[in-house]
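Please open the model in your viewer with cartoon and side-chain display at hand, and follow the stops below in order.

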Amino acid sequence: MSRTQRARSQSLGLLAVATTLAVGVALGMIFFYAPLEAEQGFLQKIFYLHVPLAIVALCGFVVGGVFAIQHLRTRESRWDLRSYVAIHMSLIFGVGTLITGSIWAKGSWGHWWVWSEPTLVSFLIVFLLYATYQPLRFAIEDPERQARYASVFAITAGAFVPMNFIAVRLSTAYLHPRVLGGTSNLPPQMALTFMVSLIAIALLFVTLCRLELSAKRTRGRLRALRRRLAEDDPAIPVRRIRSAAPAGHEVHA
Amino acid sequence: MSAVVEDATPIEGATPTESATPTGAERRSGPTVRRPSFAATVGALLHKELRVELRTLESAPGMSLFAVTVFVLFHFGLNKNSVSGDEAAGILWVTLLLAAVLGINRLFVADAEEGGFDGFLLAPVDRGALFVAKALALLIYLLALELVAVPAFALLLLQPSLGPALPQLPAVLLLGDLGVAVIGTLVAALAARTRARDLLGALLALPLLVPVVIGGARASAPLLAMHSSGAPARWLATLGLYDLVFGLIAYAVFDFLLED
Amino acid sequence: MGAESQAPRPAGAGPDASIALELEGLTRRYGERDALADVSLSLAAGQTLVVLGPNGAGKTTLLRVLATLLRPHAGKVSVLGNALPSTAWAVRGRIGLLSHEPLLYRELSARENLRFHARLHGVAAARVDELLAAVGMTRRAEEPLRELSRGMVQRVAIARAVLHDPELLLLDEPRANLDPAGADLAEPLVGAASGRTRVLCSHDPDLDVRDADLVLGLRAGRQALLAAPAQIAQAEIGGLYR
């Protein structure tokens with residue numbers, strides 16, 4: 001194992017431990033520490049899951065766009081890999097947002113879907129947009145062009161996310177009063193639980209991303225080794241590819 | 001044969017390679033490459049776009065016909081003889097958007113099929129000019145679409161008369177069209193050289209254009225209401241912001257789509 | 001680097017005729033395999049490089065890299081004194097590319113296509129008429145290209161390639177689809193008599209190697225052969241295609 005690899009797996013291990021702890025604490029606080037809300041009762045607790053998921057997913061999409069900018073600037077494929085993983089994970093967390101939001105809507109208003117909740121509505125649109133990310137990638141065969149086009153998409157979509165949020169919020173506020181309310185007027189116990197939950201979900205996101213990145217890198221390395229074996233060409237120098245290679249792997253000496 | 005050039009600015013900063021004195025074939029020596037200005041490039045591209053469109057009539061008439069057909073569908077679907085206010089604004093904007101997608105899907109097809117990108121990429125021009133030219137072309141197609149679709153809508157489905165809405169409605173449409181043109185050109189370029197390009201074009205463009213529908217419809221609804229009032233400024237501002245933000249982003253990233 | 005040609009410089013060239021092309025370890029990947037691997041050569045101005053190799057060997061890729069359409073992934077490339085990809089912009093307008101695709105719009109006529117390209121290169125309209133005459137297309141210049149035969153379209157493509165009087169010509173099988181009359185008309189424009197530096201991809205070694213100053217043989221992206229024609233045995237060329 002190279003030094004980078006060892007450092008990476010060590011930090012990943014620490015991260016995993018921290019995440020497990022945080023999630024444990026958060027769950028504990030949600031169920032035992034946070035008070036029951038007067039109006040909505042026990043179901044309100046899903047708020048501690050729904051909103052952090054939403055926030056983390058939104059940030060994830062934007063971060064995916066930032067990584068894409070780096071990819072276009074440096075032409076290094078590792079940025080494309082990070083962008084892909086960030087968006088992929090955010091999409092999953094986004095689906096989680098939609099599901100938890102839907103459950104909450106059913107519990108609070110009796111319908112599985114409400115248009116009066118701008119977070120939910122924004123996420124539906126964002127989900128519809130990012131659901132085309134993978135089909136777009138698979139529709140392009142040339143790996144370098146695929147990565148480039150994906151980055152262009154990620155940047156545009158990343159800028160779209162906040163824009164969309166604003167537009168939907170404006171249109172909803174026009175018609176219905178918002179039911180979610182900001183965290184500013186939460187009682188301190190709830191606010192604390194919310195913060196802990198947010199940290200836990202953020203850590204979970206980062207850990208899962210790191211895991212996926214590591215898995216992809218390993219698979220890439222395996223493919224490269226298999227290819228070398230199949231070609232059986234001793235003339236291929238075993239060197240670290242430091243150029244703007246579109247491959248997601250690094251070959252080690 | 002020294003070329004008398006039009007609208008050209010000579011290249012600056014090129015490293016001259018002192019090549020031979022001309023032989024019998026009167027060769028131009030040295031790197032005096034004439035680089036057409038940005039405006040000249042956009043002009044040449046736009047001229048070509050419109051020429052091809054007029055020759056084939058693929059985009060604009062199809063879009064208009066499609067819009068009128070959709071109005072008929074709405075009549076039967078909603079079972080209404082006339083609409084006003086929010087409903088009218090909604091039907092109009094959704095129809096315009098769906099018709100726009102048809103135009104978006106056709107925008108880069110000729111270039112992708114005929115290797116036209118290479119011809120442009122080899123020229124000593126600013127590549128951003130292609131984005132501007134294509135977006136302008138799409139804008140022109142949209143305006144042509146609206147010249148047919150809006151009167152058709154007023155005729156077929158709109159309850160109040162179009163008169164009071166008139167000074168402001170074109171402005172709202174133009175702001176919306178700018179957004180559609182900008183995003184549409186970017187999406188068209190993204191989808192042009194992929195498999196399933198028509199499907200991907202629609203799936204990419206429509207979510208991205210949701211803010212345009214929101215802004216456009218909310219701004220138009222008071223204009224098309226029974227007692228017409230002015231378009232709320234906040235929606236015009238939203239549309240304007242959208243146009244600006246995505247105009248800049250699309251212009252910035254477009255170059256990356258042109259490379260092979 | 002392979003053996004460089006000691007061919008005499010073109011008549012009229014100055015004592016320090018420059019290097020038109022300089023490649024060192026040029027590599028271009030496609031996914032995990034190499035489209036071009038470690039290609040190195042040097043070509044002086046006015047000379048002709050002929051590139052041979054079976055399908056998929058990387059000939060078209062090489063041409064496109066030189067045309068600034070593809071970026072090199074590793075190695076150094078210098079075209080007309082300018083390094084790629086950093087100063088690619090300085091090279092455009094001085095290169096003429098004739099590729100598999102005619103790079104023309106089928107709905108437009110020959111004249112309209114050439115005028116469009118003239119405008120993109122800042123070239124006067126008069127030159128369009130000159131070139132239409134030079135390729136023998138004056139009579140049919142107003143018809144849409146989709147109504148013309150492939151041979152005629154190829155003539156227009158040739159006109160397009162030299163419209164802006166490029167110093168370097170990149171030719172991918174220029175004689176494809178041309179009838180003998182067309183080939184004769186094309187010769188002064190893109191042939192050895194044109195006086196320009198040329199890189200020519202060929203599937204017809206017997207015909208083209210004669211005009212070459214330097215021959216590059218590619219096989220699976222790798223440089224299998226690089227020498228002046230006089231130094232190459234017939235068997236070596238045949239070996240490329242086996």
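Begin by selecting Arg137(A) and Asp80(A), which form a salt bridge with their closest N and O atoms 2.8 Å apart; a salt bridge here is a side-chain nitrogen of Lys or Arg within 4 Å of a carboxyl oxygen of Asp or Glu. The pair links distant parts of the chain, since Arg137(A) sits in helix H5 (residues 133-138) of chain A and Asp80(A) in helix H3 (residues 77-109) of chain A, 57 residues apart. Helices (H or I, at least four residues) and strands (E, at least two) are DSSP runs, numbered from the N terminus. Both Arg137(A) and Asp80(A) are buried, where buried means under 20% relative accessible area, exposed over 50%, and partly exposed in between, with a 1.4 Å probe and protein chains only.

Before moving on, note that this is a predicted model, in which local features need pLDDT of at least 70 and side-chain atom pairs count only at pLDDT 80 or more, while totals for chains, interfaces and linings use all residues. Residues are numbered from 1 along each chain as its sequence is written, chains are lettered from A and ligands numbered from 1 in the order in which they are written, and side-chain values use heavy atoms, with hydrogens and water left out.

**Chain A as a whole**

Now colour chain A by secondary structure: it has seven helices and zero strands, and along the sequence the pattern reads α-α-α-α-α-α-α. Of the 253 residues in chain A, 47% are buried. Chain A exposes about 12,500 Å², of which carbon and sulfur atoms supply 67%; accessible areas come from the Shrake-Rupley method with a 1.4 Å probe, and for residues only the protein chains shown count as cover.

**A bridge between chains**

Next, select Glu259(B) and Arg71(C), whose side chains meet in a salt bridge (3.8 Å, N to O). Glu259(B) lies in the segment after helix H10 (233-258) of chain B and Arg71(C) in the loop between helix H1 (59-66) and strand E4 (74-79) of chain C, so the pair joins two chains. Glu259(B) is buried, at a relative accessible area of 13%, whereas Arg71(C) is partly exposed, at 31%. To see the surroundings of this pair, extend the selection to Arg75(A), Glu144(A), Arg148(A) and Arg28(C), which are linked with Glu259(B) and Arg71(C) in a network of salt bridges. Over all chains, the structure holds 30 salt bridges.

**A loop in chain B**

Move to Ala225(B), in the loop between helix H9 (210-223) and H10 of chain B; this residue is partly exposed, at 21% relative accessibility. Leaving aside residues up to four places away in sequence, Ala225(B) touches Gly85(B) and Pro160(B), contact meaning heavy atoms within 4.5 Å. If you draw a distance from Ala225(B) to Leu143(B), C-alpha to C-alpha, you should find 23 Å in space for a separation of 82 residues in sequence.

**Chain C**

Show chain C alone, where there are eight helices and ten strands. Its C-alpha trace spans about 50 × 45 × 40 Å along the principal axes, and 58% of its 242 residues are buried.

Within chain C, select Asp165(C) and Arg196(C), whose side chains meet in a salt bridge (2.7 Å, N to O). Asp165(C) is in the loop between helix H5 (150-162) and strand E7 (168-172) of chain C, and Arg196(C) in the loop between helix H6 (180-190) and strand E8 (197-201), so the pair ties together parts that are 31 residues apart in sequence. Asp165(C) counts as buried at 16% relative accessibility, and Arg196(C) is buried at 9%.

**Backbone stops in chain C**

Most residues other than glycine have a negative phi, and most peptide bonds are trans. Where, then, does the peptide bond from Leu84(C) to Pro85(C) stand, cis or trans? That bond is cis, with omega near -5°, and Pro85(C) is found in the loop between strand E5 (82-84) and helix H2 (88-91) of chain C.

Select Leu103(C) next, which has a positive phi of about 60° although it is not a glycine. Leu103(C) is in the loop between strand E6 (95-98) and helix H3 (110-121) of chain C, and counts as buried at 2% relative accessibility.

Finish at Ala220(C), which is not a glycine yet has a positive phi of about 50°. Ala220(C) lies in the loop between strand E9 (214-219) and strand E10 (222-227) of chain C, and at 55% relative accessibility counts as exposed.
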